[in-house]
Amino acid sequence: MPRTHHLTLPDLSGRRALVTGGSDGIGFGIARRLAAAGAEVVLPVRNRAKGEAAVARIRDEHPGARFSLHDLDLSSLRSVAALGERLRAEGRPVHLLVNNAGVMHPPQRQVTVDGIELQFGTNHLGHVALVAHLLPLLIAGRARVTSQTSVAARSGQVNWSDLNWESSYDGMRAYSQSKIAFGLFGLELDRRSRAAGWGITSNLSHPGVAPTSLLAARPEMGRERNTPQIAVIRRLSRAGILVGTVDSAQLPALMAATSPQARGGALYGPGGPGHLGGGPVEHGLFRPLRDAAEAERVWRVSEELAGVSFAEHAAA
């Protein structure tokens, strides 16, 4: 049987938190815990019906939970910009941002509406654009920004010679690239915030390995059946061997986003063997995330690809 792990969250009353990918899986658990701790949770979702069902489930358990639903497709830079415009018009500070949503290993190479390889465009670039468009609200809230990377970021690199994987597509290497780039961005955000006095604390988390929907059937991505990997992960998880559960996998992000002891520029993940499962801990940065010059390059190129300027948004 899997071991149960616990994390006590501080009182988040009066705090506004935004969670991407909050309609199911790990993101749903993160949103549920933040709402239970008193935060007002902003849920930007691609599927409005799934979002409404998720909010209803949480309110059944926590009748006083406060939510606002918004439309967001992270694979569309126009959709990201529209959400940013709506939230900036509200003018309310954002105190916690958990960049959790992601896609993994589509059967064939796919691109976003902007022509970017799907995993890089959704996991990384869409979130980069979201942070940029929300920057005035994050500065106003002196926000904690937690970005989900992955154990897939332990090895690999950014494929600078073919960033869009047009000539040599490899789904798992492209996924690893998206998570390495996103991790480097999160670390660079913390460095730039400290240098510019934005007051934002940015750190990283990863869920280890757990039986989420990432490798399950995803018809919208062209995957009609569960992958063989998810069947193995589910068996190991039920037996409590090596990997985590959906409940334990949400804890590193919750620790990174809410713990008074959580630090900017740090990485939080499961504390078990290989950081695949177990209770949440801070641990060392994966090797591909340690190069500050690489992080600066990712930042610069990502601004260009996403069509955003952090300096301009900060000034606004």
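Is His105 buried, partly exposed or exposed? In this predicted model, His105 has a relative accessibility of 26%, and it therefore counts as partly exposed. His105 is found in the loop between strand 4 (96-99) and helix 4, and its backbone has a positive phi of about 50° although His105 is not a glycine. A second histidine can be read alongside it: His275 has a phi near 55°, again a positive value in a residue other than glycine. His275 is found in the loop between strand 7 (267-270) and strand 8 (280-283), and with a relative accessible area of 24% His275 is partly exposed.

From the loop that holds His105 we can move on to the helix that bounds it, helix 4. Two packed helices are described by the angle between their axes and the distance between the axes. For helix 3 (residues 77-90) and helix 4 (residues 118-140), the angle is about 20° and the axes are 9 Å apart. Angles under 35 degrees count as roughly parallel, and helix 3 and helix 4 are therefore roughly parallel to each other. Their crossing is right-handed. On the side of helix 3, the contact is made by Leu77, Val80, Ala81, Leu83, Gly84, Leu87 and Arg88, while the residues of helix 4 that take part include Leu125, Gly126, Ala129, Leu130 and His133.

Helix 4 also packs against helix 9, and here the angle is about 90°, with the axes 9 Å apart. That makes helix 4 roughly perpendicular to helix 9. In this second contact, Phe120, His124, Leu125, Val128 and Ala129 of helix 4 meet Val298, Ser302, Leu305 and Ala306 of helix 9. Leu125 and Ala129 are thus named in the contact with helix 3 and also in the contact with helix 9.

Helix 9 leads us in turn to the aromatic rings, for the structure holds 4 aromatic pairs. One of them is formed by Phe185 and Trp299, whose rings are stacked, at 5.2 Å centre to centre and with 20° between the planes. Because Phe185 lies in helix 5 (residues 171-196) and Trp299 in helix 9 (residues 292-306), this pair ties together parts that are 114 residues apart in sequence. Both Phe185 and Trp299 are buried. Phe185 forms an aromatic pair with Phe310 as well, and this one is tilted, with 5.9 Å from centre to centre and 50° between the planes. This pair, too, links distant parts of the chain, since Phe185 is in helix 5 and Phe310 in helix 10 (residues 310-315), 125 residues apart. Phe310 is buried, as is Phe185. Taken together, Phe182, Phe185, Trp299 and Phe310 form one aromatic cluster.

Rings can also be found beneath charged groups. The charged end of Arg297 sits over the ring of Trp160, 4.0 Å from the centre of that ring, and in another place the charged end of Arg57 sits over the ring of Phe28, 4.1 Å from its centre.

A last stop is Val45, which lies in strand 2 (residues 40-45). With a relative accessibility of 4%, Val45 counts as buried. Leaving aside residues up to four places away in sequence, Val45 touches Ser23, Gly51, Leu69, His70, Asp71 and Leu72. For one of these, Leu69, the separation from Val45 is 24 residues in sequence and 7.2 Å in space, taken from C-alpha to C-alpha.

Definitions and conventions:
Residues are numbered from 1 along each chain as its sequence is written. This is a predicted model: local features need pLDDT of at least 70, side-chain atom pairs count only at pLDDT 80 or more; totals for chains, interfaces and linings use all residues. Side-chain values use heavy atoms; hydrogens and water are left out. Rings of Phe, Tyr and Trp (its six-membered ring) pair if their centres lie within 6.5 Å; planes under 30 degrees apart count as stacked, over 60 as edge-to-face and the rest as tilted. Helices (H or I, at least four residues) and strands (E, at least two) are DSSP runs, numbered from the N terminus. Buried means under 20% relative accessible area, exposed over 50%, partly exposed in between (1.4 Å probe, protein chains only). A charge sits over a ring if NZ of Lys or CZ of Arg is within 6 Å of the ring centre and within 35 degrees of the ring normal. Axes are lines fitted to C-alpha atoms, for helices over the stretch in contact, and angles run from 0 to 180 degrees between N-to-C directions. Angles under 35 degrees count as roughly parallel, over 145 as roughly antiparallel, 65 to 115 as roughly perpendicular and the rest as oblique. A crossing is left-handed if the near helix is turned anticlockwise from the far one by less than a right angle, and right-handed if clockwise. Contact means heavy atoms within 4.5 Å.
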